[in-house]
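Q: Let's look at one model and ask how its descriptions are earned. Ready to check some terms against their cut-offs?

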Amino acid sequence: MSVPHEAKPRTTAVVLAGGTGQRVGLAIPKQLLKIAGKAVIEHTLSIFQQAESIDDVIVLMAPGFVPDIEKIVERAGLTKVTKIIEGGATRNETTERAIAALGEGLAEGEDRNVLFHDAVRPLLSQRVIQDCVDALDRYQAVDVAIPSADTIIVTRTHGEDGEFITDVPDRSRLRRGQTPQAFKLSTIRRAYEVASGDPNFQATDDCSVVLKYLPDVPIHVVAGDEYNMKVTQPVDVFITDKLFQLASTAAPRQADEAAYRELLEGRTLVVFGGSYGIGADIAELAKTYGAQVYALGRSTTGTHVENPEHVDDALSKAYSETGRIDYVINTAGVLRIGKLAETDNNTIQEALNVNYLAPVHIARASYKYLAETKGQLLLYTSSSYTRGRAEYSLYSSTKAAMVNLTQALSDEWANDGIRVNCVNPERTATPMRTKAFGAEPAGSLLSSEAVARTSLDVLLSELTGHVIDVRQQDPTRGASEASGFEQALAAVLAREEDMQ
């Protein structure tokens with residue numbers, strides 16, 4: 001006779017957002033600071049929303065700012081967030097409030113898993129979350145840490161003479177702690193109950209409470225991620241924003257062909273740059289799913305994207321004939337390579353008009369239509385956007401502008417329900433590339449059809465403010481096996497190779 005498996009305990013993520021932002025020099029809590037088009041805490045909550053092993057989320061917010069989180073949760077559709085509570089004056093008090101909230105409604109003897117995570121670590125990977133939850137099958141307490149690349153010194157202050165080294169610990173045994181920190185609820189509750197009897201109790205993290213007051217409970221360590229940085233100092237804001245620009249975001253695929261048809265049938269797509277290449281492939285693919293598509297291009301419809309009147313007329317026509325515009329896509333672009341000092345004025349003006357001003361005109365003209373349908377604007381960048389290189393000055397700088405434009409508009413249009421994203425394909429077999437570089441080895445380029453498929457997935461997703469990389473898959477390693485940091489680093493290195 002088979003023995004039934006014991007049901008897994010419920011797993012709750014507790015997002016600790018009690019910081020005030022003073023060290024960053026802000027008048028608002030740092031978790032409300034906008035990075036990559038969203039508040040830091042929205043990025044963090046979205047990670048737990050997407051985590052399959054997380055059942056629900058509780059937020060402990062700085063006093064006076066609970067309504068701000070309620071608005072973010074409602075607007076972003078973060079359905080796993082079940083409670084938003086004011087935090088305490090200290091980290092300890094905030095955790096105690098969370099423990100009390102976690103115990104509400106539990107039957108006697110019932111336990112649950114809990115992950116405490118800093119709201120200002122918005123680059124947490126799904127791998128770390130899953131490793132923490134899996135570790136709780138064997139251990140009562142789990143920490144996340146990474147090796148220290150720096151030598152750590154211990155100092156002592158001697159009056160006005162300053163600090164002096166008293167010890168240099170062995171770096172091989174030192175780790176830098178991160179979050180989440182994961183526990184059985186019964187364990188962390190018991191640790192705080194014991195700690196409450198200590199009149200000198202003070203701690204900056206929860207594992208240290210278990211270590212000191214429940215010394216017989218082993219604390220397992222899960223490998224963290226360099227990418228999982230904490231936004232604490234002003235420089236962290238800059239670094240985190242850049243990491244978001246570099247990080248590859250995967251657009252979710254639909255379950256089957258019928259799902260694509262259900263979502264696209266009767267919708268209107270306007271594709272600028274739809275004469276050939278990626279734009280034409282998006283148009284054809286969308287048509288197969290029943291979408292009403294307007295594929296516009298210089299060589300087919302006489303539409304010049306650098307002409308605002310052409311853009312306005314194209315959108316007006318699509319709207320008057322279908323009564324709606326759900327998606328606007330711009331794949332139009334020109335690739336001009338050469339030394340800037342040797343480039344004539346007409347070439348410079350063309351690059352600026354087509355690669356920068358045209359997307360700006362398209363965005364501005366599309367706004368009223370997309371606001372009506374809660375639709376999406378999809379732009380395109382290039383693997384050269386992360387670093388300008390010799391003879392790519394015009395192209396790289398205009399493509400970098402597309403990333404900034406995407407993030408700015410996703411923020412600006414968030415309250416209107418308009419999503420804005422940017423697709424970043426690696427070297428792709430398109431007529432524009434062939435014209436610039438000639439024939440290249442078979443198999444060395446991504447197909448425009450693959451980029452079109454990913455583009456469609458982005459349009460049908462809830463993503464906004466993201467840069468979505470489209471790369472040829474490495475058959476030896478799935479993307480889910482790499483950490484976010486590894487994926488970002490690999491993408492940067494690949495972009496460098498693309499530009500050689």
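Q: Which residues in α1 meet which residues in α2?
A: This is a predicted model. In it, Ile41, Glu42 and Leu45 of α1 meet Ile69, Ile72, Val73, Arg75 and Ala76 of α2. By class, this contact has six nonpolar, two charged and no polar residues.

Q: Why are α1 and α2 called oblique to each other?
A: Start with the angle. Helix α1 (residues 40–50) and helix α2 (residues 66–76) pack at about 50°. Roughly parallel needs an angle under 35 degrees, and roughly perpendicular runs from 65 to 115. The value of about 50° fits neither range, so the pair is oblique.

Q: What else describes how α1 and α2 pack, besides the angle?
A: Their axes are 11 Å apart. The crossing of α1 and α2 is right-handed.

Q: How do you know that the length of α3 agrees with its number of residues?
A: Helix α3 covers residues 91–103, which is 13 residues. At 1.5 Å a residue, α3 should span 18 Å. The C-alpha atoms at its ends are 19 Å apart, so the two values agree.

Q: What makes a residue of α3 count as buried, and which ones do?
A: The cut-off is under 20% relative accessible area. In α3, Asn92, Thr94, Thr95, Ala98, Ile99, Ala101 and Leu102 are buried.

Q: What covers the buried residues of α3?
A: The cover includes strands β1, β4, β5 and β6, along with helix α5.

Q: What comes just after α3?
A: Glycine 105 does, with a positive phi of about 85°.

Notes. Residues numbered from 1 in each chain as written. Predicted model: local features only at pLDDT ≥ 70, side-chain atom pairs only at ≥ 80, totals over all residues. Heavy atoms only, no water. Axes fitted to C-alpha atoms, helices over the stretch in contact; angles between N-to-C directions. Helix = DSSP H or I, 4+ residues; strand = E, 2+ residues; numbered from the N terminus. Parallel < 35°, antiparallel > 145°, perpendicular 65-115°, else oblique. Left-handed = near helix turned anticlockwise from the far one by under 90°. Contact = heavy atoms within 4.5 Å. Nonpolar A, V, L, I, M, F, W, Y, C, P; charged D, E, K, R; others polar. Expected span 1.5 Å × (residues − 1). Buried < 20%, exposed > 50% of the residue type's maximum accessible area, 1.4 Å probe, protein only.
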